[in-house]
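Work through the exercises below with the sequence and the model open. Each task is followed by a solution in steps.

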Amino acid sequence: MTASPLTAAAVDSAAALLADVLPATPLQRSERLSAVTGAEVWLKREDLQPVRSYKVRGAYTFIAHLSDEQRAKGVVAASAGNHAQGVALAGRRLGVRARIYLPRNTPRQKRDRVATLGGDLVEVIVTGEVYDDAAAAAVADAARSGAVMVPAFDALDTMAGQGSVAVEIVQQLGRTPDLVTVPVGGGGLLGGMATWLAANSSTTRLVGVEPEGAASMAAALAAGRPVELEEVSPFVDGAAVRRAGDLTHAAVAATGTHLTSVSEGALCVEMLAMYQSDGIIAEPAGALATAVLPDLRIEPGATVVAVVSGGNNDVSRYAEIVEKALIHEGRKHYFLVDFPQEPGALRRFLDEVLGPDDDIAYFEYVKRSNRETGPALVGLELGHADDLLPLLARMDASPLTMERVDPSSPLFRFIG
């Protein structure tokens, strides 16, 4: 096992630096998750940072350690969200000019937020269709201008700053927790926290949680080095990283940290629970650490801390989140129904096929050229997941031709 160049002392130093400029985020007990797990579950509310994510810790620590000459040349960064906001605020607080490159698909709300946080010291440059285009432009800027590139995760100062979350947790608890769950994208937060906890708390179990569709750190550990994923799901945008960092991989590998992953559906169920039960608006990456808790082996009464890493969620996404949650829970299903083109066909479907707690949530004719029948795509929302088998039995007994659309079907991409 190769040693990591990051040290616990560097994380302590970053924590001391940040204590003077950023207020400690709350450590909040979760009644809901404590009841579900039988443990004492605490939430580290990094979504309550001034930029609504932990990213400001790494950005501030990195920029603060630049030389006067480097500061004079300014910094550049590329991001579609949280890192950009962290760099903007850090640049403004430290008096360092920053140029931040955003892809064109960055929502205007986020563009405006970056500009507001940075004030006169930050220039927002929108370029390219996707993040990789913006990142290439930022790299070219740094090479041309001599400005320093601020890495989102793969730099020792960035990792040290992000790892300061672990220091705060222990200070606030007054003891070391039994279990800590941490969201993982590029691995800066996990690598920094793992390094500090390994040196200061040998009894704490640390679990890194990745999105199923972007498990780049697990791939790196399996290969023994960072590798590029062939496909990355963009849904968990705060953790959708194609390749884990070299330094972050070394830190995670050196500490033997356990990794697991969460499906998009389970993540959406947790996001809704956080909103409805806890009053927390979490972005998808921000719910990773709590979504995994019901599936972990946890001793009754254990002290558990889950890092809520960010709350920059676009409210317009909640319709998609609700949809994914219902499908994951087995309460929403889609069918192709061939309705005969005659009066009363839909009424018979409602009376003979639907159950008392079932509801039509989607209905669209997909073809109207046949005079005899009219195939329609029908989305049904069930009162309970257990209502599916009786529904399928009524469908089999019906004279209508009906075909279930499986969530794995390519047709699912076009629904809605």
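**Exercise 1.** Determine which residue follows α11 and what sign its phi has.

Solution. In this predicted model, the residue after α11 is G256. The phi of G256 is positive, near 65°.

**Exercise 2.** Find which residues of helix α11 are buried, and state which helices they pack against.

Step 1. Helix α11 covers residues 246–255. Applying the limit of under 20% relative accessible area, the buried residues in α11 are T248, H249, A250, A251 and V252.

Step 2. The packing partners of these buried residues are α8 (156–173), α9 (188–200) and α10 (216–223).

**Exercise 3.** Give the strand order of the six-stranded sheet and explain why β1 and β9 each have one side without a neighbour.

Step 1. The sheet is open, with mixed pairing, and its strands run in the order β1-β2-β10-β7-β8-β9.

Step 2. β1 (27–29) and β9 (258–262) are the edge strands; each has a single partner strand, so one side of each has no neighbour in the sheet.

Step 3. With direction ignored, neighbouring strands in this sheet are turned by 25° against each other on average.

Step 4. Strands of a sheet pair through backbone hydrogen bonds, in either the parallel or the antiparallel sense. For β1 and β2 (residues 40–45) the sense is antiparallel, over three bridges. L27 has K44 in β2 as its bridge partner.

**Exercise 4.** Decide whether Q49 is buried or exposed, and locate its contacts beyond four places in sequence.

Step 1. Q49 sits in the loop between β2 and α3 (55–64).

Step 2. The relative accessible area of Q49 is 4%. The limit for buried is under 20%, so Q49 is buried.

Step 3. With neighbours within four places in sequence left aside, Q49 contacts L22, T25, Y54, V56 and R57.

**Exercise 5.** Identify which residues touch the most other members of the largest nonpolar core, and which elements give two or more residues to this core.

Step 1. The largest nonpolar core has 34 residues, and those touching the most other members are L288, L293, I298 and V304.

Step 2. Two or more residues come from each of β2, β8 (205–211), α12 (264–278), α13 (288–291), β10 (303–308) and α14 (318–328). The most come from α12, which gives five residues.

Step 3. Leaving aside neighbours within four places in sequence, L293 is in contact with L33, T37, V41, T181, I298, V304 and A306.

Step 4. Another core, of 33 residues, lies apart from this one; A8, A166, L190 and A251 are among its members.

Conventions: Residues numbered from 1 in each chain as written. Predicted model: local features only at pLDDT ≥ 70, side-chain atom pairs only at ≥ 80, totals over all residues. Heavy atoms only, no water. Pairing = 2+ DSSP bridges. Helix = DSSP H or I, 4+ residues; strand = E, 2+ residues; numbered from the N terminus. Axes fitted to C-alpha atoms, helices over the stretch in contact; angles between N-to-C directions. Buried < 20%, exposed > 50% of the residue type's maximum accessible area, 1.4 Å probe, protein only. Contact = heavy atoms within 4.5 Å. Core = buried A, V, L, I, M, F, W, Y, C linked by side-chain atoms within 4.5 Å.
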